[in-house]
Amino acid sequence: MNTEIQEMTANRGRIVFSETDASIVNAIRRTMIADVPKMAIESVEYHMGAIMDDQGKEYESVSPLFDEMIAHRLGMLPIPTDLDVLVPREKCSCEGEGCPNCTIMYSINKKGPCTVYSGDLEPLGDAKLRIKDDLVPIVKLKDGQAILAYATAQLSTGREHAKYSPVCGIGYRYSANIRIDSARCDLDEACIEVCPKDVFVREGKKIVIKHPERCNLCMACVERCELDCITVEEDRSRIILKYETDGAIGAKDLVIRSLKILEEKFDGFREMISSLEG
Ligand code: SF4
Ligand code: SF4
Ligand SMILES: [Zn+2]
């Protein structure tokens, strides 16, 4: 297998695998989605009853959304996850009591009228634990409404719930083999107009396949070319994996962790088979 990293930013990755097949890339994809752990808010405790501000104004602990809906929204927020430090609660030395190695707590204290955003969650402890994206809207409070709550995040995997999956978009596809029969091309540029990915450019008296890696195999150019001089075929030996994380874990860390998990699984499988031989 050969790999080529075409993009690796904080949250996005694009890797081209060649001399392999889709089953391998799919195993990596599924491991990223379901097996790499991530922190997410698991429980929220709401203050009930009246809340007073510094000037003595009284607010009701209500909002236009049910508490369960707000808790669900909080559950989907990207909690910074340092997998070198954090462990699942059930495996932690605190035996599930909750400690800095397995639990992150946030407080939220907002009074309307206002929009409550993810950035309004204050970590109890290190400021590095602030939610990765400040501007995720949670709920709009009207005048006289308020929310005072404590949220607890813990580590788990997407296998348990989608909120624990570090991936917010992932997919793979075959790359494209594109050919143009320049001898027959009349340079009407129809393929340039129709291509949604700007794969083609005109250079002098030639249509050039400038960005073949962008092709999504939609076949619009093939259908549009009246002279039938374009062919586009899937190249099943080159597979492009593209993914985006929600920010809780970096794109590079995510792929490294998923490969380690796969390695451990195959090691376990190898040991199991070896034990049968005896
Ligand atoms: S659509 Fe076909 S004929 Fe027209 S420029 Fe493109 S390749 Fe040439
Ligand atoms: S198949 Fe679609 S994306 Fe690919 S080159 Fe043709 S028009 Fe562009
Ligand atoms: Zn603990």
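## Exercises: salt bridges and a zinc site

At 57% relative accessibility, Arg-159 counts as exposed (over 50%; buried is under 20%, partly exposed in between, with a 1.4 Å probe and protein chains only). The model is predicted, so to speak of a local feature takes pLDDT of at least 70, side-chain atom pairs count only at pLDDT 80 or more, and totals for chains, interfaces and linings use all residues. Residues are numbered from 1 along each chain as written, chains are lettered from A and ligands numbered from 1 in written order, and side-chain values use heavy atoms, leaving out hydrogens and water.

**Exercise 1.** Find the partner of Arg-159 in a salt bridge with Asp-35 and place both in the chain.

*Solution.*
- Start with the rule: a side-chain nitrogen of Lys or Arg must sit within 4 Å of a carboxyl oxygen of Asp or Glu.
- Arg-159 and Asp-35 pass, at 2.6 Å from N to O.
- Now place them: Arg-159 is in the loop between strand S10 (146-156) and strand S11 (167-180), while Asp-35 is in the loop between helix H1 (22-34) and strand S3 (38-46), 124 residues apart. Helices (H or I, at least four residues) and strands (E, at least two) are DSSP runs, numbered from the N terminus.
- Check the cover: Asp-35 is buried, at 12% relative accessible area.
- Finally, widen the view: Asp-35, Arg-159 and Lys-265 are linked in a network of salt bridges.

**Exercise 2.** Work out which parts of the chain the Glu-244 and Arg-12 pair links.

*Solution.*
- The closest N and O atoms of Glu-244 and Arg-12 are 3.7 Å apart, which makes a salt bridge.
- Glu-244 belongs to strand S14 (residues 230-245) and Arg-12 to strand S2 (residues 12-18), so they are distant parts of the chain, 232 residues apart.
- Glu-244 is partly exposed at 29%, and Arg-12 is too, at 40%.
- By the same rule, the count comes to 18 salt bridges.

**Exercise 3.** Describe the site of the zinc ion (ligand 3).

*Solution.*
- List the protein donors (N, O and S atoms within 2.8 Å of the metal, or 3.2 Å for Na, K and Ca; water is not among the atoms, so sites may look incomplete): the SG atoms of Cys-92, Cys-94, Cys-99 and Cys-102, lying 2.2 to 2.3 Å from the ion.
- Read off the spacing in sequence: C-x1-C-x4-C-x2-C.
- Test the geometry: the angles among the four donor atoms run from 96 to 117°, and the site is tetrahedral (for four donors, all angles between 85 and 135 degrees).
- Look at the cover: Cys-92 is buried at 6%, and Cys-99 is buried at 17%.

Conventions: Four donors count as tetrahedral if all angles lie between 85 and 135 degrees; four count as square planar and six as octahedral if opposite donors are over 155 degrees apart and all others between 65 and 115; anything else is irregular.
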